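I opened my notebook and loaded the structure. Here is what I looked up.

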Amino acid sequence: MSVYLDHAATSPPRREVLEAVWPYLTQVTGNPSSSHEAGRAAKAGLDAARQVIADVLGARPGEVVLTSGGTEADNLAVTGIATANPRGRHVVVSAIEHPAVLETALALRGDGFTVDVVGVDGDGLLDLDALAAVLRPDTTLVSVMYANNEIGTVQPLAEISRLCRALGIPLHTDAVQAAGHLPLDVAELGVDALSASAHKFGGLRGAGFLWVRGAVPLVPLLHGGGQERGRRSGTTDVASAVGTAVALHAAASTREAEVARLTGLRDRLVDGVLAGVPGARLTGHRTRRLPGHASFCFAGVGGETVLAELEQVGIVCSSGSACSADSDDASHVLLATGLDPDVARTAVRFTLGPTTTAPDVDAVLDALPGAVRAASR
Ligand code: PLP
């Protein structure tokens, strides 16, 4: 049985999600757009799921657009809001965005947009003065992630929101890593759009949503039957939506206790690694980070080699983001925090979740010094 410490890549579906989804795969199988009884039953399930998601966000159900996951939600937010906004053709993103936001924003250059990429400090916190300096009368969107997948740093969204609000600029946040772990009340966060991906908080892979404040215009990416109030065509996956709602609700109901539990485990892991592994350094902010996120660099060793050593003793983790795990290139996130490319290539990330126990952390603390030693030979 392996020790699974890669919950930021994906977290197993919760049992109650599987139980809730099953009837929607076997009995309630109509198309929610159909007017007959089977369709109405599916629509009732969909409406209930949307209401649950909206309640967790403190939003209206009609503002929730169900998508195929975080990537689609990010693409829809960035392209959809930036293009619909008549203010102009200028977009601002942070330098540590997931490629689903960063690449989407950069692709807008092909449509005549100017894109400003704002830097972060050594802990991965956004440079607020630099943000304020690039905002313009023709800025159509600012997108800054809630919490980073590689280094766990949580951004000061309320402060970022104040800067944007003062100028009437919509603010989108990629909350893919934050959802399930951090508060999601959109009014308190002060954001105008928020993306989430269900499999990061115990829902199903290939499902997620974009919440967009009612007054914010959005151009759809997918054209067709006009589902999701015309913002995302295609027959809605009712079972996945039900799973997303059940997972989000379960995560929200247990969040405070789980955050305390994970923070305790994380801090023991961080302190133990920094004390027990020569040359180890934490990446990201020491305290303003996701509760279950511990990421490190190890002087002089390849992160991938450490991973392979750990896997031999049954510990599964990651070298950074799952998406760039195949690439030799140093992570753009670690480079943005000022790390040297050679150091950035030594990244190892442990991400804890609902299945993580104290013995899992002990296993890492036992095995890591030897794994790093072996990797440096
Ligand atoms: N944004 C962030 C911060 C992520 O960590 C991920 C996935 O790891 C995504 C977006 C994309 O989510 P998905 O792969 O579920 O589409």
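My entries below cover one strand and its neighbours, then some aromatic rings.

Entry one. I noted that the model is predicted.

Entry two. I picked strand β6, residues 171-174. Are its two faces buried or exposed? I found both faces covered. Leu171 and Thr173 are buried on one side. His172 and Asp174 are buried on the other.

Entry three. I looked for the strands that pair with β6. Strand β5, residues 139-143, pairs with β6 in the parallel sense over two bridges. I checked a contact: Val142 has Leu171 in β6 as its bridge partner. Strand β7, residues 193-197, also pairs with β6 in the parallel sense, over three bridges. There, Asp174 has Ser195 in β7 as its bridge partner.

Entry four. I traced the chain through helix α6, residues 157-166. β5, α6 and β6 make a β-α-β unit, and the unit is right-handed.

Entry five. I turned to the aromatic rings. How many aromatic pairs does the structure hold? I found two. Why is the pair of Phe296 and Phe350 edge-to-face? Their planes stand at 65 degrees, and edge-to-face needs over 60. Their ring centres are 6.2 Å apart. Phe296 sits in strand β10, residues 293-298, and Phe350 in strand β12, residues 347-351. The two are 54 residues apart, so I wrote that the pair links distant parts of the chain.

Entry six. I checked burial for both rings' residues. Phe296 has a relative accessible area of 0%, so Phe296 is buried. Phe350 is also at 0% and counts as buried. Buried means under 20%.

Entry seven. I added Phe298: Phe296, Phe298 and Phe350 form one aromatic cluster.

Methods: Residues numbered from 1 in each chain as written. Predicted model: local features only at pLDDT ≥ 70, side-chain atom pairs only at ≥ 80, totals over all residues. Heavy atoms only, no water. Buried < 20%, exposed > 50% of the residue type's maximum accessible area, 1.4 Å probe, protein only. Helix = DSSP H or I, 4+ residues; strand = E, 2+ residues; numbered from the N terminus. Pairing = 2+ DSSP bridges. Right-handed = clockwise from strand over helix to strand, strands pointing away. Phe/Tyr/Trp six-rings, centres within 6.5 Å; stacked < 30°, edge-to-face > 60°.
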